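Subject: Structure for you to look through

Dear colleague,

I am passing on the structure we spoke about, and I would be glad if you could open it beside this message and follow along. My notes come after it.

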Amino acid sequence: MPQHEAPTQPSPRDSSWPLAIEAASGERVRLCYGCGVCTGSCPLAHAMDILPSRLMKAVQLGLRERVLEAAAPYLCVACETCAIRCPNGIDVARVMDAVRQASLARGGPPPRAGILGFHRWFLRTVWMFGRAHEGLLSAGHSLQQGRLRQDLATGLALVRHRRLALLPHLVRGRKEVRRLFRTTGKGGGR
Amino acid sequence: MQNAPARPLALYPGCSLQSTGSPYLDSVRETLRALGMQVKELPDWNCCGASSAHFVDADLAVLLPARNLAIAQARGTDVLTACAACHHRLVQAEHELGASAEAAQAAAQAGLAYGGGVRVRHLLSVLDEIDLSARVRRSLAGVKVACYYGCLLVRVPRCGGIDDAENPRIMERVLGSCGADVVEWQGRTWCCGASLAATAPDLAADLVGRILEQAHRAGADCLATACPLCQLNLDLLQGATSARAGFERPLPVVFFTQLTALALGASPRRLGFGRHLVEVRPVIQALAV
């Protein structure tokens, strides 16, 4: 079960952080009045260590360290149910994006390294070929997680059903695609 | 519905449709062919970044789709999508490039010339404007279909999805006009957790199980989807979840275009039914005489 105990020490606050997250997400976090519709709508809330509505409150309060350590933004699948239901029009999934990206920018071990690793493998194949290569990203991720043996059966089932393209589809404008990565400082799909 | 003069459509298949979603691409092409629609592929398109670019970088999530929009604009075409995730990303990028000066600046800095105005249309919206019932050569009557939208098709904040976010009807209309018996059920817009399927399979299996349970309860013969990620996730994880929920039989998951192509007279051999993990043929056999 997720833990929601109150911290025993008062958490340090960074009063400028809510504005930084607003700028990064493009969302007006301050409008949140804590109704909890996002939490009630979230298909992954039960697996999160901070519920979406509480995370919003924590951002409002500038509890930066607490929020940046949370696994919740790594479990958010951006299904946008919160976004279309929020009575204040806040796209909570975008706030999750901004918080996760802030935690990546800070460095250190990510709360859910396996999930991050999968997305990095995805982008690595886009960097390489211009298009995602599902076989390579699955194999790369699986190998990195030490799960190759467990995942092999799934891979073989897909190959047997002719569902995995083995050869990559190369985009002629790969250099243009790599320039997109470089513009964002994410060269090499890292 | 359309105010601007319609430009020709160029198909943006997306990466999944060239791999795990290949039955989708085959059946999209067969559907278009049966309708006599000449739609070429967008030249040299790249990955839209789907569920991974926004995970690590907000700019990258706009720039990857933006290159495709720039190609479409240079060619004087609009974009036709089939994949729900690609559709979502292309629509959002198009919106942001117009609405955010920072996004437009990042695009210019990355060497992209995009001046706006490319329309991104999903195949369901295009088919919804055609009187399919007049073109049906093999009615889908007798097949009970649970239309499954998932997240991304209907939930594009600030831009609007292809239909109402809470109660979409567009797939029911399209398949209904092909004669299918569409069932009413809960779970049509529930998330299947596909992006966690590789990294948190227990969580994804749980979400898949809930969706399948609802479709079973409604008496569906199959689920129809417009998303290659949903299809793969629901197809692949059924082994894990059907046992858990104690279903008697697995539920085939088809692409809605496999059904439209069949109804419009395409040969079932060209629609990739043999590539499904959960056997589809019993459902299709009754029709494909």
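What follows is a short account of what was found, taken part by part.

Please keep in mind throughout that this is a predicted model.

A good place to begin is the sheet of chain B, which is an open sheet of 4 strands in the order 2-1-3-4, with parallel pairing. Its edge strands are strand 2 (40-41) and strand 4 (120-122) of chain B, each of which pairs on one side only. Strand 1 (residues 9-12) of chain B pairs with strand 2 of chain B in the parallel sense over 2 bridges, and if you look at strand 2 of chain B you will find B:Glu41 standing opposite B:Leu11. As general background, the strands of a sheet pair through backbone hydrogen bonds, either parallel or antiparallel. Across strand 1, strand 3 (78-81) and strand 4 of chain B lies helix 4 (residues 84-99) of chain B, which runs at about 155 degrees to strand 4 of chain B.

From there you might turn to two helices that pack together, namely helix 1 (residues 22-34) and helix 11 (residues 256-263) of chain B, whose axes are 8 Å apart and meet at an angle of about 35 degrees. Helix 1 of chain B passes helix 11 of chain B in a left-handed crossing. On the side of helix 1 of chain B, the residues making the contact include B:Pro23, B:Tyr24 and B:Ser27, while those of helix 11 of chain B include B:Thr257 and B:Gln258. Sorted by class, this contact between helix 1 and helix 11 of chain B has 5 nonpolar, 5 polar and 1 charged residues.

Which residues have the most contacts inside the largest nonpolar core? That core has 164 residues, and the ones with the most contacts inside it are B:Val145, B:Leu175, B:Ala224 and B:Leu259. Helix 3 (residues 58-75) of chain B gives the most to this core, with 11 residues. Leaving aside residues up to four places away in sequence, B:Leu259 touches several others, among them B:Val145, B:Leu175, B:Cys178 and B:Ala224.

Finally, the contact between the two chains takes 49 residues from chain A and 43 residues from chain B. Helix 8 of chain A supplies the largest share of the side of chain A that touches chain B, with 7 residues. The residues on that side of chain A divide into 24 nonpolar, 13 polar and 12 charged.

With best wishes

Conventions:
Residues are numbered from 1 along each chain as its sequence is written. Chains are lettered from A and ligands numbered from 1 in the order in which they are written. This is a predicted model: local features need pLDDT of at least 70, side-chain atom pairs count only at pLDDT 80 or more; totals for chains, interfaces and linings use all residues. Axes are lines fitted to C-alpha atoms, for helices over the stretch in contact, and angles run from 0 to 180 degrees between N-to-C directions. A crossing is left-handed if the near helix is turned anticlockwise from the far one by less than a right angle, and right-handed if clockwise. Two residues are in contact if their C-beta atoms, placed from the backbone, lie within 7 Å. Ala, Val, Leu, Ile, Met, Phe, Trp, Tyr, Cys and Pro count as nonpolar, Asp, Glu, Lys and Arg as charged, and the others, Gly among them, as polar. A nonpolar core is a set of buried Ala, Val, Leu, Ile, Met, Phe, Trp, Tyr and Cys residues joined through C-beta atoms within 7 Å. A residue is buried if 20 or more other C-beta atoms lie within 10 Å of its own, exposed if 12 or fewer, and partly exposed in between; C-beta atoms are placed from the backbone. Two strands pair if DSSP finds at least two bridges between them.
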